[in-house]
Amino acid sequence: MATDPHRAIVAVFNIERPKLIASLTRITRDVGVSEELAQDAFATALEEWPKSGVPSNPAAWLMLTAKRKALDAHRRKQLAAKKYDELGRELREEENTPPDLDAALDDDIGDDMLRLIFTACHPVLSPEARVALTLRLLGGLTTDEIARAFIVPEPTVAQRIVRAKKTLTEKEVVYEVPHGEELSERLVTVFEVIYLIFNEGYAATSGENWMRPQLCEEALRLGRVLAELAPYEPEIHGLVALIELQMSRFAARVDTNGEAILLLDQNRTHWDRLLIRRGLQAIARAHDACAKLSRLPGTYLLQAELAACHARANRPEDTDWAKIVGIYGALSALSPSPIIELNRAVAIGMLMGPQAGLEIVDALAKEHTLKNYYLLPAVRGDLLAKLNRKNEARKEFERAAEMTQNEKERAVMRKRAREAG
Amino acid sequence: MRFMVIVKASKDSEAGVMPSQELLIAMGKFNEEMVKAGIMLAGDGLQSSAKGARIKFEGDKRTVVDGPFAETKELVAGFWMIQVKSLAEAIEWMKRCPNPHNDGGELEIRQVFELSDFEPGEGIRIHEKVGEEMKKQK
């Protein structure tokens with residue numbers, strides 16, 4: 001079954017596709033055209049390999065075939081002479097150096113992959129378009145798979161991708177890796193796309209079940225790829241660490257009925273040790289990169305550190321709450337937010353007792369920014385319950401139940417109100 | 001899908017002969033390629049079985065047998081853990097692996113069970129109970 005030649009060709013193509021598109025776009029300057037050329041090369045492989053056998057270096061074969069097709073297409077369209085020459089020279093060079101084709105192809109591939117990532121996540125595109133194009137070009141997901149994952153009709157996704165490609169052409173987006181200040185800004189956009197893909201798979205309450213882990217895995221893989229392409233950037237390792245660590249809890253985070261299980265109630269033996277180890281290694285790489293640039297940890301690294309505090313604790317009571325309080329402090333300093341402050345209150349409650357946590361929450365309650373945030377009364381109720389102030393606790397849980405729009409959350413709050421007595 | 005790729009042992013690996021410089025470089029390049037593609041989760045080489053041991057079970061009885069072990073071709077000399085989309089992809093990746101031994105190598109690709117592969121049953125319940133017990137321990 002696994003030795004079926006058709007399957008083998010499909011597998012080779014899936015592995016090589018992003019690299020093909022990345023390299024071809026350097027020549028064609030158009031991701032749409034490159035995607036078609038890659039597909040053409042694949043069709044040729046499907047025709048020829050069953051007859052001639054799978055070539056000894058299938059990756060190089062596909063690349064060469066696709067580049068030849070690019071040349072043909074250019075000839076037909078009689079595009080600018082300069083580009084034509086460039087391509088012709090590349091092809092001649094490759095044909096003259098047959099023995100180590102793959103090394104020659106590898107040389108530029110890193111830069112091309114980076115260019116492709118930055119193009120797919122370009123700010124001229126809407127966030128939905130960035131996600132769809134990234135999954136299509138770099139993840140190799142079909143439009144149907146993307147549609148299923150995001151529960152939108154397939155034609156919508158197909159159109160989104162077509163429009164995105166058109167926008168890239170119309171706005172004359174240059175196929176390049178941004179420099180200097182722009183690099184940092186553009187990286188943030190790329191991180192957002194990767195995290196959005198991950199979160200869609202991880203937190204989604206809808207969409208087809210089997211697609212969700214695939215989205216998470218694809219986001220994680222893209223993160224790992226980017227971490228190798230831009231290892232100097234601390235936040236990419238922070239992002240990878242965050243996803244590895246969150247992914248490590250994938251199997252433990254819902255019960256058999258699909259209900260979410262709170263972190264402290266999860267069965268820690270179901271946490272994936274391999275991913276935890278990788279997450280902790282990524283955190284170490286992030287700190288190394290920070291040290292080299294004399295930079296302070298960014299938000300992804302800090303969030304990864306939070307996840308790591310839980311990952312390192314074999315039992316909930318082993319959690320290093322002091323460290324968690326400190327990390328929330330650092331996050332607050334980076335981007336002050338009442339929601340982070342509320343989380344810090346929870347951590348302080350765990351570290352120093354419910355009274356200390358309650359004081360922070362009460363101070364927050366006086367501000368109006370969280371007045372519609374149901375977790376504020378929920379947290380307050382929890383702290384009051386721990387202080388055995390049952391009546392007040394019940395009222396807070398009831399208030400939280402009224403505030404949330406989510407049925408499941410409401411049920412949990414009502415239950416806690418009843419339990420408060 | 002997660003796969004374990006098992007590198008079978010050879011006479012050399014069992015004799016504790018270190019791989020040649022060329023092989024180390026080729027292996028390094030191959031590993032790098034898998035890391036760059038974001039698919040390699042872990043991988044290590046194992047020392048010869050002379051430095052290992054076996055535990056044999058018979059009912060409640062356990063007998064420890066020291067290495068080395070005779071059936072070289074069945075022994076394991078190393079492994080990778082990779083994350084790919086299908087067995088076919090795992091095969092295509094591993095066909096690119098340099099021959100791990102001078103005297104003829106063999107790789108075995110096996111899919112890893114994930115918790116979701118198990119139907120809810122007694123085994124899973126026991127597994128979950130272990131977690132609950134761990135939580136109770138102070």
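Let us start with one pair of strands: β2(B) and β5(B) (residues 76-83) run antiparallel to each other and are joined by five bridges. Strands are DSSP runs of E with at least two residues, helices are runs of H or I with at least four, and both are numbered from the N terminus. Two strands pair if DSSP finds at least two bridges between them. Within this pair, D44(B) sits opposite F79(B) of β5(B).

Before going on, note that this is a predicted model, in which local features need pLDDT of at least 70 and side-chain atom pairs count only at pLDDT 80 or more, while totals for chains, interfaces and linings use all residues. Residues are numbered from 1 along each chain as its sequence is written, and chains are lettered from A and ligands numbered from 1 in the order in which they are written.

**The sheet of chain B**

The strand pair belongs to an open sheet of four strands, ordered β2-β5-β1-β6, with antiparallel pairing. At its edges are β2 (40-45) and β6 (107-111) of chain B, each pairing on one side only. On average, neighbouring strands here are turned by 15 degrees against each other, direction ignored. In general, strands of a sheet pair through backbone hydrogen bonds, either parallel or antiparallel.

Along its sequence, chain B reads β-α-α-β-β-β-β-α-β-α. The predictor's confidence in each residue, pLDDT, goes from 0 to 100; chain B averages 87, and 83% of its residues score at least 70. For the model, ipTM is 0.84 and pTM is 0.87.

**A helix between two chains**

Helix α3(B) lies across β1 (2-8), β5 and β6 of chain B, at about 155 degrees to β6(B). Angles run from 0 to 180 degrees between N-to-C directions, and axes are lines fitted to C-alpha atoms, for helices over the stretch in contact.

Which residues of α3(B) are buried? They are A88(B), E89(B), A90(B), I91(B), E92(B) and W93(B). A residue is buried if 20 or more other C-beta atoms lie within 10 Å of its own, exposed if 12 or fewer, and partly exposed in between, with C-beta atoms placed from the backbone. The cover over these buried residues includes α1 of chain A, together with β1, α2 (21-36), β5 and β6 of chain B.

Helix α1 (residues 5-28) of chain A packs against α3 (residues 87-95) of chain B at an angle of about 75 degrees, the axes being 8 Å apart. The two helices are therefore roughly perpendicular (65 to 115 degrees). On the chain A side, the contact includes R7(A), V10(A) and N14(A), and on the chain B side I91(B) and W93(B) are among the residues met. Contact here means C-beta atoms within 7 Å. The residues of this contact divide into eight nonpolar, one polar and three charged.

**The chains in numbers**

| Chain | Helices and strands | Buried residues |
|---|---|---|
| A | 19 helices, zero strands | 42% of 421 residues |
| B | four helices, six strands | 18% of 138 residues |

Among contacts with a separation of 6 or more, residues 24 or more positions apart account for 59% in chain A and 74% in chain B.

**A loop residue in chain A**

H270(A) is found in the loop between α11 (234-247) and α12 (273-293) of chain A. Why does H270(A) count as partly exposed? Because it has 19 C-beta neighbours inside 10 Å. From Y175(A), H270(A) is 95 residues away in sequence and 43 Å away in space, C-alpha to C-alpha.

Notes:
Angles under 35 degrees count as roughly parallel, over 145 as roughly antiparallel, 65 to 115 as roughly perpendicular and the rest as oblique. Ala, Val, Leu, Ile, Met, Phe, Trp, Tyr, Cys and Pro count as nonpolar, Asp, Glu, Lys and Arg as charged, and the others, Gly among them, as polar.
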